[in-house]
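Colleague: Got a minute to walk me through this model? I'd like to go over the chain contact and then the strands.

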Number of protein chains: 2
Amino acid sequence: MSSLPSVRLADLSAHAGQQVTVHAWVTHLRSSGKIAFAALRDGSGVAQAVFVKNEVGDELWARVALLTTETSVRLTGEARVNPRAPGVLDIGVRALEIIGPSPTDYPIQPKEHGVDFLLNHRHFWLRAPRQTAIMRIRSEVEQAIHDFFYARDFVRCDTPILTAAIGERAGLFSTEYFDEGTAYLAQTGQLYGEALAASLGRIYTFGPTFRAEKSKTRRHLTEFWMIEPEMAWYDQDDNMDLQEELVRFLVTRVLERRPADLAVLERDTSKLDCVLQPFVRLDYGDAVKLAQSRGSDVQWGEDLGAPDEALIVAEYERPVFVMNYPKEAKAFYMKENPADPRTVLCSDLLAPEGRGEIIGGSQREDDYEKILHRLKEEKLPLEAYDWYLDLRRYGSFVHSGFGLGLERTVAWIAGVEHIREVIPFPRMMDRLRP
Amino acid sequence: MSSLPSVRLADLSAHAGQQVTVHAWVTHLRSSGKIAFAALRDGSGVAQAVFVKNEVGDELWARVALLTTETSVRLTGEARVNPRAPGVLDIGVRALEIIGPSPTDYPIQPKEHGVDFLLNHRHFWLRAPRQTAIMRIRSEVEQAIHDFFYARDFVRCDTPILTAAIGERAGLFSTEYFDEGTAYLAQTGQLYGEALAASLGRIYTFGPTFRAEKSKTRRHLTEFWMIEPEMAWYDQDDNMDLQEELVRFLVTRVLERRPADLAVLERDTSKLDCVLQPFVRLDYGDAVKLAQSRGSDVQWGEDLGAPDEALIVAEYERPVFVMNYPKEAKAFYMKENPADPRTVLCSDLLAPEGRGEIIGGSQREDDYEKILHRLKEEKLPLEAYDWYLDLRRYGSFVHSGFGLGLERTVAWIAGVEHIREVIPFPRMMDRLRP
C-alpha cells in the first residue's frame, strides 16, 4: 500500500486534471451498456467513477458489472471537475481492482427500512450519508468542548466508572468486584469532580455514564456521554454564565466548520442563531405558572416533565435556564437557596425546538451539617460518602458545576429527533447488539 | 461571589503592585509572633500570604492562628514580587476571611505515608503538588491526542462500554442487562472501530476499558483509558509510521507546554529527547535472540514478558517496535504475515527507560475465511461476532489500527513509576474506593 499512495476523496479537487489512485466503496452503479457510472464513498467524501467501454477494454469492462453496492475498489484514472455536478469530481477510470467483493444481498437497500432493522444492522447503517454526517458533527462538538475548556485552563480529569459511592439512586448497573463486593457503573463523575476541583481549581470530566432505567423515549439511552465541569469559587451565577458561553461556542463552531454535514441533514440552521441572544433565566415558580397557563397541570414542588419543558421553551424560542427548583425535586448535593430554603441553587438548561433539558447544574452544598442532613433524608449509605463529606470537613469551599448530556446536545444541534442516531452503537433497554 | 472578582494564583504576577482578592487553601503556616507567612494554593498556582501583626490589627492577627493546613480563605492585599522567591508572589494581607476551617487532624501530614494510606485518602492526596503536576500532564497529553487526530481529519468515535461481543477473552466484568442477558464491560473498542473505519475512513476512540485481571503490577489497572485509532487503507507500515508520529508529538508537546510540572516531578527531560530519532523496528525473531543473549530464557513462539521488553529497550535507549509476533501469542484479528504465515503483521511499541509496551497495533485480517478459522481456533462464540464478520463479507478492506494505553504513556513521559498515580482514582483488584 505504501508503495502506491492514494488520494482521499475529500482531497480530490486539489488533484483535478491529474492521474490519481483512490480506494473507495461503491454505493451505486448505473450503466448504459457503453458507459457506466459508479458512485463512490471513502468516509472522507464522495466521487463518481466513469467507465467508458471503448476506452477501458473488454476485460476491465466485464469487471464493472461486478461493482455491487459496498464493493471496495482501487481505481486509477484522471480526476475531473464535472460541470453538471460541481463538488463531486469524476474519475475517468483507466485501471480497476476489486479489493472486497460484496454479495448482492447487502442488507441495506435503497428503500424504507424500519428502525429496528437498521439498528440490527448498525455496522452497515453507519455507512449511510446521513449517519456519517451525524458522526462528524458529534466529533466536532467533542473537539469543540475540549478546545473550550483547554483555552480556559481547565484540567480534564477522568473519573472512575467502577465505583462504590454513587451520586444518584435510580437504576444502577452493577458487577462483582473481586473481594471488594459490588461495584456500580457510575451515573455521574460529579462527586469525584468536586474532590478534583479542590485539588486543581477548575476541572471537567468527559466520559460515559450509565443508567439502568426502563425508559423508552427518544431522549434516553442506558449508556451515554456526559461532560461535567466543576469549578472552585464559582457560584451559581458564574456557573450559568459558563454554561451559556459553552453552548454558544459549540453551536457557533458546528455552524462554522460542518456546514456540509448540516446540509446533508437538511438542518434549518437559522433556528440555531437564537444562541447568540442572551439565554432566558426563569425562576422555577414562574416556569410552573407559565406551563400551567399553557395547559399543564404540573404543581409547585414537582419536577418539570418533558411536556412542561416543551411548553416553556416554545414561549421563547431560545435556550432557557429554569432556576431554583424545590429541594425535593433535585439531588441531595445542591446548595440550599438562602433566599428561599424550600429551593436549591440550581438550573436546568432547556434547548429550544421542543428539545428540553441538555444541562443540569447547581452550586454545591458546602455546609457539612446541611449535606449530612440531606444524605440522611435520602437514606443514602453514609459510609460510601465518607470521603465526599471530607470535602466539607477540611477546607470547604464555594463551588459549582454542571453536567452536559452530549447526545442530547448533538441531537439538538444536528436536528436529529432521536438520540439513538447520534451515538455509533446505541444502548437501550432492548438493545445491546451489535 | 460575582460581586467580588478574584484573581487566580496562576495570574497573580500580572497583578504585581495591585490590590487583589484571592481564594485559596493554606498549605503551611509559620509565624514569629510578629509576622506570619501562609503558603497558599488554589489549583492553578501558589503564593505566599504575609501577615504583619502591627499592620493587620489584633482581630485579624488572632484569626491567623486558625489557618491550619487546608483551611480555605478569601484574602485581600497587595500582590508583590518577592526577590528571594521569584515566581511565588507575596500578598501583603489587609483582609482575611476564613471560608472553610480545617480541623488539625488533616490526614496528610508533612511526613512519609505508606501508599495504602495515601490511596485511602486519594481525595486529599490529589491536593499535593506532585499529584497536581501529574494530573496536568495527563490532561495535556489528552488534549494533545485530540489535537493530533483532529488536525489529520480523523473522526473521534465513542464505542460502547456495554457489549455482547468481546475482543479478547481473559478477565471480563459483567452485568445483568434487562432481558438481553449478560453484558460485558468492553476491554477494547477496536471491533467497533473497524466498523466505523469502513464508514468514516479514519477514526479513533478515546475511552475507558476494563480488565478483571488479578494482576498486581505497577503497569496494571482494572480500569484504564485507551486510544484506539483505526484506519481504512492503511497497512502495517503506515500504521507504525502514524504511531511514531503520534508518540513524538505527545512527548514534544508536554516538553513544550508543561515544563513547570515536569520540574515538580524532577523529571530528567533529556531522556525524552530520544523520541526525535527514528524509532527502532525489530523483528520478533531478532528481539527474542537479543533477549536470550542478555540472559532471558524466552523461546520463539512465546509472548515477550516485561523483563524481556526491558532487556530489549535497554539496548537502544529509544522507542522500539517489535514486529510480527507468532500467531499464537496474539489476538485472532491480526492479519497473517504473507512472508511468514507463522506470524502476524503486528507490532508492540516499547517505551525506553525500562517502560515496555505502551502501544499494541496490527494490520487486521481482511480475509473472511481466515478470520473465521481463527475465531473457531480460539473457540470464540461465532454468533457474537456475526456483525464483525460482516465487515469481511461485504466490501472487505485493507485496514490497520492500534491501541495506546494512556496511563502507561503518561507514566513514562512524566517519569512516574506506578501507573496508579497517573489516574485520579485508580482501580485495582484490591481498590474500589474512594
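Modeller: Sure, here is a run through the interface, the sheets and a few backbone oddities.

Colleague: Ground rules before we start?

Modeller: This is a predicted model, where local features need pLDDT of at least 70, side-chain atom pairs count only at pLDDT 80 or more, and totals for chains, interfaces and linings use all residues. Residues are numbered from 1 along each chain as its sequence is written, chains are lettered from A and ligands numbered from 1 in the order in which they are written, and side-chain values use heavy atoms, with hydrogens and water left out.

Colleague: OK, how many residues does each chain put into the contact?

Modeller: Chain A gives 107 residues and chain B gives 107 residues, with contact meaning heavy atoms within 4.5 Å.

Colleague: And what's the area buried between chain B and chain A?

Modeller: About 8,700 Å², and carbon and sulfur atoms give 58% of that. Buried area here is the accessible area (1.4 Å probe) that two parts lose on being put together, summed over both.

Colleague: How many salt bridges across the interface?

Modeller: The rule finds ten between chain B and chain A; it asks for a side-chain nitrogen of Lys or Arg within 4 Å of a carboxyl oxygen of Asp or Glu. One salt bridge links the side chains of B:Arg136 and A:Asp153, at 3.8 Å from N to O.

Colleague: Which helix of chain B gives the most to that side?

Modeller: Helix α4 (residues 129-151) of chain B, with eleven residues. Helices (H or I, at least four residues) and strands (E, at least two) are DSSP runs, numbered from the N terminus. By class, the side of chain B that touches chain A has 52 nonpolar, 24 polar and 31 charged residues. For those classes, Ala, Val, Leu, Ile, Met, Phe, Trp, Tyr, Cys and Pro count as nonpolar, Asp, Glu, Lys and Arg as charged, and the others, Gly among them, as polar.

Colleague: Switching to strands: what's the order in the chain A barrel?

Modeller: Five strands close into it as β1-β2-β3-β5-β4, with mixed pairing. Two strands pair if DSSP finds at least two bridges between them. In chain A, β3 (residues 46-52) and β5 (residues 90-100) pair in the parallel sense over three bridges, and A:Ala49 has A:Ile91 as its bridge partner in β5(A).

Colleague: How do β3 and β5 of chain B pair?

Modeller: In the parallel sense, over three bridges; there B:Val50 is partnered by B:Gly92 in β5(B).

Colleague: And which strands run antiparallel to β4(B)?

Modeller: β5(B) is joined to β4 (residues 72-80) by nine bridges, and β1 (residues 19-31) to β4(B) by seven. B:Ser72 has B:Gly100 as its partner in β5(B), and B:Trp25 stands opposite B:Ser72.

Colleague: What about β1(B) and β2(B)?

Modeller: Six bridges join them, running antiparallel, with β2 covering residues 35-41. Their hairpin has three residues between the strands, and B:Gly33 takes a positive phi near 100° there.

Colleague: Where are the cis peptide bonds you've got?

Modeller: One joins A:Arg433 and A:Pro434, with omega about -10°, and another joins B:Arg433 and B:Pro434, also with omega about -10°. A:Pro434 is in the segment after α13 (406-414) of chain A, while B:Pro434 is in the segment after α12 (406-414) of chain B.

Colleague: What's the phi of A:Phe178?

Modeller: Near 45°, a positive value in a residue other than glycine. A:Phe178 lies in the loop between β8 (174-176) and β9 (182-185) of chain A.

Colleague: Why flag that kind of thing at all?

Modeller: Because most residues other than glycine have a negative phi, and most peptide bonds are trans.
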